[in-house]
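Ready for a few exercises on a protein model? Work through each task with the structure open, then compare your steps with the solution.

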Amino acid sequence: MGKSAITHLFNTLLVTLTIAFTCIVCFGAFTKSIYPIQSPLLAVFEIAIPFMLIASVVISLLWLFKKKIWFIIPCVGIAFNWSYFKAMVAFNEQKEMPQEAVELYEAHKPNGYLTVASYNIHGFGDEIRGYSCKELARILQEKHVDVICLQEFSDKEEFTVDSIKKTLNFWPHSYIPIQTEKRINKLPLAIFSRLPINNKKYFDFEDTANGAMAVDVEVTDEKTITLVNCHLETTGTSQHSSRWMDEFTMANGQKDKELKVAENIAEFIQQKTLKRIEQAQEIEQYIRQSPNQSVCCGDFNSLPSSYIYHLMTQFLEDGFINCGKGYANTFRYGKKLFRIDYIFHDKFLEGLSYDIYKEELCSDHNLSIMTLKVF
């Protein structure tokens, strides 16, 4: 076989692999709308999509470098997943509150706007002097935040809840669910508000450390907004990754054992995903039954390629798509590829701006802030 024949065969193989891979990427675009109880692979696709899209870009560039028309094929997969890119990158022109509204905010009066901050605080980074809390308060006041929704909220013996409330005294109304014996292992949540809140509710999800909470925020005398702060089921992958690697090592190259480990991992991811979906459905039911317009924010532990994201955007809108700008990674690790924190809002609320604060404060998450015009 001559050199030209070998080259032709090699290129044919590359084209075939490119087409096959692109077909998988295209299929992945539809998996987020399929309830993943049918197969663990549907849940795995959620995590795989970002890496598959990066691979598609690289493959397209390689074909372009070779000056081959086949660079178009990976672009088809990218186009099919365009909704994922829209949830990660935005170029909206952000609006600011009028000066009159800012002055009303500083005077502790209603101003017709609602600015919500959502932050997985990670226990204030386990620091005990309160510096991160004070710095957070400074940032939030500068951003004219009305309501602070915190996940993984906790105090320390050296910096108690009373100390935290004193630091956040610009937001005098708070809801911190009591850590009862039943909730002793729960990851705490908290809401702090400068506006009055009522109708407080805690979602006590079963067989999990995660939870959610809801309040009604009295934005004005005539306008009340239902606000949900949630922390859905943790993925658990980082806690189990070392064990999975050990199991692969112990398989010692035996394909059947390696396949069994891979199946166990996929089933683990599926079970965690199904639990998050169950939690999100409970929140959906609560919001749909509320007589008020709603905002739902928090750590969803789900990517824009997930069934959770598909579910939430069936009845609420992703604030970042409407008024965000820049790149929307909210998890600081994982090569900064992942967005798992969101602020969703009722379609009748007008989004002005959506900021993701990228500077490190005290957490493995980034702070998200959104401003809405409520009438």
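**Exercise 1: the largest pocket**

Twenty-nine, written 29, is the number of residues lining the largest pocket, and Thr235, Thr237, Asn301, Phe331 and Ile340 lie nearest its centre. Before going on, note that this is a predicted model, where local features need pLDDT of at least 70, side-chain atom pairs count only at pLDDT 80 or more, and totals for chains, interfaces and linings use all residues. Residues are numbered from 1 along each chain as its sequence is written, and side-chain values use heavy atoms, with hydrogens and water left out.

Task: describe the space in the largest pocket and its lining.

Solution. Start with the term: on a 1 Å grid over the protein atoms alone, a pocket is an open set of points where a 1.4 Å probe fits, with protein on both sides within 12 Å along at least five of seven lines, and lining residues have an atom within 4 Å of a point. Next, the volume (the space filled by probe spheres set on the points, which are joined across faces, edges and corners) is about 650 Å³. Then look at the elements: helix H2 (40–65), helix H8 (237–251) and helix H9 (255–289) each give the lining at least two residues. Helices here are DSSP runs of H or I with at least four residues, strands are runs of E with at least two, and both are numbered from the N terminus. Finally, sort the lining: nine nonpolar, 14 polar and six charged. In this sorting, Ala, Val, Leu, Ile, Met, Phe, Trp, Tyr, Cys and Pro are nonpolar, Asp, Glu, Lys and Arg are charged, and the others, Gly among them, are polar.

**Exercise 2: the second largest pocket and a salt bridge**

Task: find which residues lie closest to the centre of the second largest pocket, then find the salt-bridge partner of lysine 95.

Solution. The second largest pocket holds about 270 Å³. Of its 14 lining residues, Lys95, Glu96, Met97, His144 and Ser353 are the closest to its centre. Now take lysine 95: its partner is glutamate 350, with the closest N and O atoms 3.3 Å apart. A salt bridge needs a side-chain nitrogen of Lys or Arg within 4 Å of a carboxyl oxygen of Asp or Glu. The two residues are 255 residues apart, glutamate 350 being in strand E13 and lysine 95 in the loop between strand E1 (89–91) and H5.

**Exercise 3: the sheet**

Task: give the strand order and explain why E6 and E10 are edge strands.

Solution. The open, mixed sheet has six strands in the order E6-E7-E8-E9-E12-E10. Strand E6 (197–203) and strand E10 (317–318) each have a single partner, so one side of each lacks a neighbour in the sheet. Pairing requires at least two DSSP bridges between two strands.
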